[in-house]
Amino acid sequence: MTPHEAGGAVLYNAMRGSVYYVRDPLAARVHDLLHNRHGLISADEDDPASLVPSLLQRGLIVPDGYDERSDAKEIRDERVARTDRLELILMPTEACNFRCTYCYEDFALGRMLSGVREGVRSLVRHRHEQHDLKSLAISWFGGEPLVAFDVIEELSGFFGEFAAEAGIDYRSGMTTNGYLLTQDVAARCVELGIRQFQITLDGPRHTHDESRPLMGGGSTFDDIIANIRGLARSDLDFSALLRTNFSPSNVGSVPELLAELGEITAADPRFSVIFRPVGQWGGANDIQIETCSGRDAELAKLSLYRDAQDHDLAGGDTRTLRPGGSVCYAANPWSFLIRPNGIVNKCTVALRDAQNMVGRLTPDGDLHLNDGLMKLWTENDETHDTGCQSCFFRPSCQGAHCPLVRIQDGVRPCPPQKVWIGPHLQTYADLQREAASRG
């Protein structure tokens, strides 16, 4: 429960992912109810003004004897124990047509080898045979994946056909710089089942082109915007997450980009936005990168979400408050990054960290996983951290927001939305109320 700067209070329950704004003077009554820690609350069902049913529905109070910690543990255990789901992050190439100033990759590996592609197909077949696969999620990553679009077409054709024959729920998405995502390419992607796109634009033209130029130099902004316009004008079935990486140098100009995107997308529900602070992610230019971190970064991000809503652009971050919503993909035992040479990683950052190289895929579909390294990523969480076990945010991040931080730094990786929960709750409550008022 956190006070709202405009009065009243915002309540949050991580087990339900519920955010509930209560006006004054009801906020004082709710405060008294929720701080009645040593007694029981009884509801007068005949009293229409009773707050108890609303609080109970949102999980803010629970029936006497209900063990929330046991349920939180079960959420984590069920996620880790799944064998019917497979998530593959595939790098058809590590080559890229951009040279972003903050990039951490070295572009050393080219197209995915034919033996690795065969290994991917064999892996999917074996998982279905051995574990009755129910869900297959494919994420295309790079480098820039569209540089090797023929590899994407080859494997996507297999995924779609195999999933249809086997009755597997198949979903696919792509992280792309958007430069090659023309109308024809986008239509072909959707035809292949690739229906989620993440596209990065670092502010309007003058800031974007400075941080995300072409290899060899040159503007990229106008081509990406043209491709987004093409998506917006199409009747394709897709969702596009438009991402902005912000720093002290470009954050002030991001609202200008949002105004342009709002005009292009015109409240199209297929589009949403996210914002992330630029970090020193291990690239050659790290020492020169100006970063935004801590409370300043979170307040800037939340302010941008308010600006986005003013232009009818939905934010894509509310899931982080829900159960499992802040768990890193690398913490899932059923999630793997397959590089073009067959090396199996867990994380898309720190690609060459030895502890991130957990196996190697062979043409027969065997991942040859190192069990010890796998446990660093999948069991290094709330299971052994009493601080996480007693945390209000436990259902959302499960101590697994960033396994890489635990591995490299040996510290608890609390997500920023938990550390700065007050501003987050105020912002999301306001966005909910404004959206409801618009109908």
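# A walk through the model, starting at Thr265

Select Thr265 to begin; you'll find this residue in helix H9. Before you zoom in, keep in mind that you're looking at a predicted model. Is Thr265 buried or exposed? With a relative accessible area of 4%, Thr265 is buried. Show its surroundings next: leaving out residues up to four places away in sequence, Thr265 touches Phe271 and Leu313.

**Step along to Ala266**

Now click on Ala266, which sits in the loop between H9 and strand E9 (271–277). Have a look at the backbone here: phi is positive, about 50°, although Ala266 is not a glycine. For context, most residues other than glycine have a negative phi. As for the surface, Ala266 has 58% relative accessibility, so it counts as exposed.

**H9 and its helix partners**

Go back to H9 and colour the whole helix, residues 254–265. Then add helix H8, residues 221–233. The axes of these two helices come within 10 Å and cross at roughly 30°. Which residues make the contact? On the H8 side, pick Phe221, Ile225, Ile228, Arg229 and Ala232; on the H9 side, pick Leu257, Glu260, Leu261, Glu263 and Ile264. Sorted by class, this H8–H9 contact has 7 nonpolar residues, 3 charged ones and no polar ones.

Leave H9 on and bring up helix H10, residues 294–310. Here the axes come within 9 Å and cross at roughly 30°. An angle under 35 degrees counts as roughly parallel, so H9 is roughly parallel to H10. The crossing of this pair is right-handed. To see where the two helices meet, select Val254, Pro255 and Leu258 in H9 together with Leu304, Asp307 and Ala308 in H10. That contact divides into 5 nonpolar residues, 1 charged and no polar.

**Past H10: Asp312**

Move on to Asp312, in the loop between H10 and strand E10. What is the sign of phi at Asp312? Positive, at about 60°, although Asp312 is not a glycine. Asp312 counts as partly exposed, with 44% relative accessibility.

**Two buried loop residues**

Next stop: Asn332, in the loop between strand E10 (314–315) and strand E11 (335–338). Asn332 is in a loop, yet this residue is buried, with a relative accessible area of 7%. Leaving aside neighbours within four places in sequence, show its contacts: Arg79, Val327, Lys346 and Thr378. If you want a long ruler line across the view, draw one from the C-alpha of Asn332 to that of Val10; the two residues are 322 apart along the chain and their C-alpha atoms are separated by 32 Å.

Now select Gln398, in the loop between helix H13 (394–397) and helix H14 (403–409). Gln398 is buried too, at a relative accessible area of 1%. Which residues is Gln398 in contact with, leaving aside neighbours within four places in sequence? Display Ile75, Arg76, Arg79, Gly324, Val327, Asp381 and Glu382. You may recognise Arg79 and Val327 from the Asn332 stop, where they turned up among the contacts. For another ruler line, go from Gln398 to Gln417: they are 19 residues apart along the chain, with 14 Å between their C-alpha atoms.

**Cysteines**

Show the cysteine sulfurs. How many disulfides does the structure hold? The count is 0. Try Cys96: its nearest cysteine sulfur belongs to Cys100 and is 6.2 Å away, and Cys96 is in no disulfide. At 14% relative accessibility, Cys96 counts as buried.

Then jump to Cys414. Why is there no bond to Cys388? The sulfur of Cys388 is the closest cysteine sulfur, but at 6.2 Å it is too far for a bond; the cut-off for a disulfide is 2.5 Å. Cys414 is partly exposed, with a relative accessible area of 32%.

**Last stops: two cis peptides**

Most peptide bonds are trans, which makes the last two selections worth a look. Zoom in on Asp24 and Pro25, joined by a cis peptide bond with omega about 0°. Pro25 is in the loop between strand E3 (18–22) and helix H1 (26–34). Finish at Gly142 and Gly143, where another cis peptide bond has omega about 20°. Gly143 lies in the loop between strand E5 (135–140) and helix H5 (149–166).

Key. Residues numbered from 1 in each chain as written. Predicted model: local features only at pLDDT ≥ 70, side-chain atom pairs only at ≥ 80, totals over all residues. Heavy atoms only, no water. Axes fitted to C-alpha atoms, helices over the stretch in contact; angles between N-to-C directions. Helix = DSSP H or I, 4+ residues; strand = E, 2+ residues; numbered from the N terminus. Contact = heavy atoms within 4.5 Å. Nonpolar A, V, L, I, M, F, W, Y, C, P; charged D, E, K, R; others polar. Parallel < 35°, antiparallel > 145°, perpendicular 65-115°, else oblique. Left-handed = near helix turned anticlockwise from the far one by under 90°. Buried < 20%, exposed > 50% of the residue type's maximum accessible area, 1.4 Å probe, protein only.
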